[in-house]
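Please open the model in your viewer and keep the sequence beside it, since this tour moves from one selection to the next. The topic is aromatic rings and the charges that sit over them.

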Amino acid sequence: MSKTTDPYFVGVDVGTGSARAALVASDGRVLEQAVQEIKTWNPEPHYYEQSSEDIWRAICQVVKHVIAGVNKSQVKGIGFDATCSLVVLGPQGAPLTVSKSGEAERNIILWMDHRAEEETAKINATKHSLLKYVGGQVSLEMEVPKLLWLKRNLSKTFSNIWRVFDLPDFLTWRATDVDTRSLCSVVCKWNYDAANNSWNKEFLKQADLEELTLKNFEKLGSDVQPPGRKVGNGLSTKAAIELGLSPGTVVSTSLIDAHAGALGMFGCRAKGSKGEADDVQGKMALIAGTSTCHMSITRDACFAQGVWGPYQDAIIPGYFLNEGGQSIAGHLLDHVLKTHEAYAELKAKLGADKNIYQHLNNLLPELAAARGVSEVSCLTQDVHVWPDLHGNRSPIADPSLRGIITGLDMTRGIESLAIKYLSFVQALAYGTRHIIENLYQHKRAPFQTLLFCGGLAKNPLYVQCHADICNLPALIPDEQEMVLVGAAALGAAASGHFDSLESTSKAMGGSGQLLKPNPKTLEFHNRKYKVFLKLLENQRLYRLIMQGEQL
């Protein structure tokens, strides 16, 4: 593969449905990859459960695969990222059930589990000052509501807890036998008070979880470290054997999966750009797939209603993280595609959905030319969309919002689908602009670049619409597996190969293709954005009318 003296780093990423590993060079090139599916139980609507032992077995399999071609002594560090799911362990670290079935194996409440709706409302009703760090209200996908659900519904499990972990922190514990927590997980998903470097006893008491404050919060973890720090003495002998690596191989404190993608992308530069002009504060990283996370970091804290954060030191020490998001993005476009009458015809003709999207992208310039329209964007002159069919995460933070489309006509067939598809792609980009402008209203420093990874980053229409609508250049990294690069970068930083996590990100972030905004469409999109905001205003007005309010 290369010289036997070259250092390598392993990145492990546990997503919703699979565990992945990559062997990564010190310049961020992904040399080997492997993937293994993991189990998910869905016993009833809104309940999703997994197994920590199943996940660890999958990790061991993929890590062994990616390091098979190198001497294990060349692997200098390993980093883990994972979904922000709740792992529950009992005495001696054994799995403790979170399931009504009572099966011990099912000891993880998956991030997308929505069982804790009542508990979330109770915690938000406290209006505790810590909630200002989560845009004013805790999400039912975060961990404290889930812990309260366990107390209320599975009291035997709750009373037998030895430790609870965010899944990324469970992985570092399983790898090292050292009980630490990453600041990323606890500040972003557990309401840890980073400003005071401690858990907040009053917050937990008001949440009816006073039991978790005992013995210096030992069940929650009292040793909290920033990402990219070395954990203990590295891999334990047991974990090293299971992974096929050497005992003592450096293990880093972890990151949440999307945050690992942001770490990888923050260091990416446009080809030919000069490093001295590269300011990480001027970048917004979009991890764009089924849903989209909008991540940015600042030197000074920015409190923005409806946007999570500011989270101190959550990705790179010395910076505050703000995290916005869209609950559905790629999933929304799939819904638009598959519910249209033309889908069956296109599916029969073209096969895979990616071929259909490519066909629609190629069709749009032909439609513009046929209709005498100078720019593809202008095909939606009279079609306007509010895209929150599944509620709004940012910046409105209202899960009850729904979608709106105006400008429908009697057109049928593939051309009708193409216009509708374009209007929804644009709406997602207007949503990103809405998040950006909300941050600006709260005095955030200006953005200079948008960066993209994930499935939607492979859709040139989606990326170009973002560049045009936000009037910012869009950078697509040459290495698309930036989540795995980010995980490996943790191991590189912890091993001391680079002098800081920020310098590691810049060294391993690589370069990418820069797409510039089209100045010819700026005024068009400014007008459409005004309509976009009116759609929100009108939706609220319609609700008041239907509720019988006197206007």
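A charge is said to sit over a ring if NZ of Lys or CZ of Arg is within 6 Å of the ring centre and within 35 degrees of the ring normal. Keep in mind throughout that this is a predicted model.

Select Arg115 and Trp149 to begin: the charged end of Arg115 sits over the ring of Trp149, 4.6 Å from its centre. Now add Tyr47, which forms an edge-to-face aromatic pair with Trp149, with 6.0 Å from centre to centre and 80° between the planes. This pair links distant parts of the chain, for Tyr47 lies in the loop between strand 3 (30-37) and strand 4 (49-50), while Trp149 belongs to helix 3 (residues 143-153), 102 residues apart. Tyr47 counts as buried because its relative accessibility is 10%, under the cut-off of 20%, and Trp149, at 3%, counts as buried too.

Next, select Tyr430 and Tyr529, whose rings form a tilted aromatic pair, 6.4 Å centre to centre and with 35° between the planes. Here again the pair links distant parts of the chain, with Tyr430 in helix 14 (residues 414-441) and Tyr529 in helix 18 (residues 522-546), 99 residues apart. Tyr430 is buried, with a relative accessible area of 2%, and Tyr529 counts as buried at 5% relative accessibility. Add Arg433 to this view, and you will find its charged end over the ring of Tyr529, 4.2 Å from the ring centre.

For a last stop, select Trp162, Phe165, Phe170 and Trp173, which form one aromatic cluster. If you wish to continue, a search of the whole structure finds 16 aromatic pairs.

Methods. Residues numbered from 1 in each chain as written. Predicted model: local features only at pLDDT ≥ 70, side-chain atom pairs only at ≥ 80, totals over all residues. Heavy atoms only, no water. Phe/Tyr/Trp six-rings, centres within 6.5 Å; stacked < 30°, edge-to-face > 60°. Helix = DSSP H or I, 4+ residues; strand = E, 2+ residues; numbered from the N terminus. Buried < 20%, exposed > 50% of the residue type's maximum accessible area, 1.4 Å probe, protein only.
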